[in-house]
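Let's take a look inside this protein and see how its interior is put together. Have the structure open and follow along.

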Amino acid sequence: MNIKTLLAAAAATAALATASNAWADAYPERPIRLLVGYAPGGPVDTTARVFAKYLGDKLGQSVVVENRAGASGMIASDATAKAAPDGYMLGFAASPTLTMSPLVQRSTLFDPRKDFSLIGLVVDYANVLLIGPQIPAKNVSELVTYARAHPDAVSFGSAGIGASNHLSAELLKKQAGAPMLHVPYRGNSPAMVDVISGKITFMFDITSTAIPFVKSGKARALAVTSKTRNPELPDVPTMVEAGMKDYEVVGWYALVGPKKLPDAVAARLTRALNEVSSDPAFRQAMTDGGYTINTGDSKALQSRIDREYALWSDVIQSANIQAN
């Protein structure tokens, strides 16, 4: 190849890069759709709508939440993975959808470890181990001791097979070596009703929805599943403090897009996400909801997906869990 041909090829490459950068610099030029895999009104949807408002402000465009509920969030995640890689359809992903549901449902819709452009983490949340006020156990150790002594007496509720609170309890059961019966419900609310009434022994619930029950005295909190105590429940120990030395379960919400997002678009979204995370009003709104701001970047998010995918794979296989 002669020098003229080389120069022409270099010029063409530079022109293409300039055009691509110009397109990316203009992003976003129209509203962005943010897919949520759960029904309106729940904690994922509620948080996504607050986040979408702040993200839109930072990007200078509307970010419109679109609910595509079903299959434990996997319908929305599958649509996100298969969207055009232009940044106009993104996903507000909840950790169970990327680290639990594909394993429980033996899904081949997408591979959460490699089928997304990962922008970054938004918030973390813990679960709370809740029991009814009439249950005599005062702490996790007493609950475990009672379960070992009475193999048929302890039951736990969940939002369904493979739900985050189901697997949180299965992890406790596995680490404690104690028999506990799983009772699946169609959502957290009916399970909580039966915890309060004493029909089932306990359940794990996300901090944001558990706090009102604890503060009203309708349920008692034995422990939180995070490494540190929750500021809204300062007197409630962590599972580690309660004697389960290897127990830590922290869920999260994250911003993701389809694979092969242009680097400049991903960078613009990352910058906007960081601006949202630094906004005092957003931080206060999340704290009030029981969440912890997480500024983890795409690498931190990838690491968590890989680590938690392996953790829950082990729990699911040990308990032989599979969706009906």
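What follows covers the nonpolar cores, the aromatic pairs and the cavities of this predicted model.

## The main nonpolar core

Start with the largest nonpolar core, which has 35 residues. Inside this core, the residues with the most contacts are Leu34, Phe51, Leu55, Phe92, Tyr253, Leu269 and Phe282. Quite a few elements chip in: strands S1 (32-36), S2 (63-67), S3, S4 and S9 (250-258), along with helices H2 (43-59), H10 and H11 (280-288), each supply at least two residues. Helix H2 gives the most to this core, with seven residues.

Phe51 is a handy residue to click on. Leaving aside residues up to four places away in sequence, Phe51 touches Leu34, Phe92, Val122, Leu255, Leu273, Val276 and Phe282.

There's also a second, separate core, made of 34 residues. Leu103, Leu143, Val154 and Ala176 are among them.

## Aromatic pairs

Now for the rings. A pair of aromatic rings is described by how far apart the centres are and by the angle of the planes. The structure holds 12 such pairs. In one of them, the ring centres of Tyr125 and Tyr253 are 5.2 Å apart with the planes at 45°, so this pair counts as tilted. Tyr125 sits in strand S4 and Tyr253 in strand S9, so the pair ties together parts that are 128 residues apart in sequence. Tyr125 and Tyr253 are both buried.

Tyr253 has another partner, too: with Tyr291 it forms a tilted pair, 5.6 Å from centre to centre and with 55° between the planes. This one also links distant parts of the chain, since Tyr253 is in strand S9 while Tyr291 is in the loop between H11 and strand S10 (292-293), 38 residues apart. Both Tyr253 and Tyr291 are buried.

Which residues do the ring pairs link into a cluster? Phe51, Tyr54, Phe92, Tyr125, Tyr253, Phe282 and Tyr291. Some names come up again here: Phe51, Phe92, Tyr253 and Phe282 are also among the residues with the most contacts inside the largest core.

## The largest cavity

On to the empty space. Rolling a probe the size of a water molecule over the atoms shows where such space is left. Counting cavities of 30 Å³ or more, there are two.

The largest cavity has a volume of about 70 Å³. It is lined by 14 residues, and those closest to its centre are Gly37, Ala76, Ser77, Phe92 and Ala93. Helix H3 (74-81) and strand S3 (89-94) each supply at least two residues of that lining. The largest share, four residues, comes from S3. What kinds of residues make up the lining of the largest cavity? Eight are nonpolar, six are polar and no charged ones appear.

## The second largest cavity

The second largest cavity holds about 40 Å³ of space. Its lining is made up of Ile119, Gly120, Leu121, Thr270, Leu273, Asn274, Ser277, Asn294, Thr295, Gly296 and Asp297. Strand S4 (116-131) and helix H10 (263-278) each supply at least two of the lining residues, and H10 accounts for the largest share, with four.

By residue type, the lining of the second largest cavity divides into three nonpolar, seven polar and one charged. One lining residue, Leu273, is also touched by Phe51.

How values were computed: Residues are numbered from 1 along each chain as its sequence is written. This is a predicted model: local features need pLDDT of at least 70, side-chain atom pairs count only at pLDDT 80 or more; totals for chains, interfaces and linings use all residues. Side-chain values use heavy atoms; hydrogens and water are left out. On a 1 Å grid over the protein atoms alone, a cavity is a set of points where a 1.4 Å probe fits but cannot get out, and a pocket is an open set with protein on both sides within 12 Å along at least five of seven lines; lining residues have an atom within 4 Å of a point. Grid points are joined across faces, edges and corners, and a volume is the space filled by probe spheres set on the points. Ala, Val, Leu, Ile, Met, Phe, Trp, Tyr, Cys and Pro count as nonpolar, Asp, Glu, Lys and Arg as charged, and the others, Gly among them, as polar. A nonpolar core is a set of buried Ala, Val, Leu, Ile, Met, Phe, Trp, Tyr and Cys residues joined through side-chain atoms within 4.5 Å. Buried means under 20% relative accessible area, exposed over 50%, partly exposed in between (1.4 Å probe, protein chains only). Contact means heavy atoms within 4.5 Å. Rings of Phe, Tyr and Trp (its six-membered ring) pair if their centres lie within 6.5 Å; planes under 30 degrees apart count as stacked, over 60 as edge-to-face and the rest as tilted.
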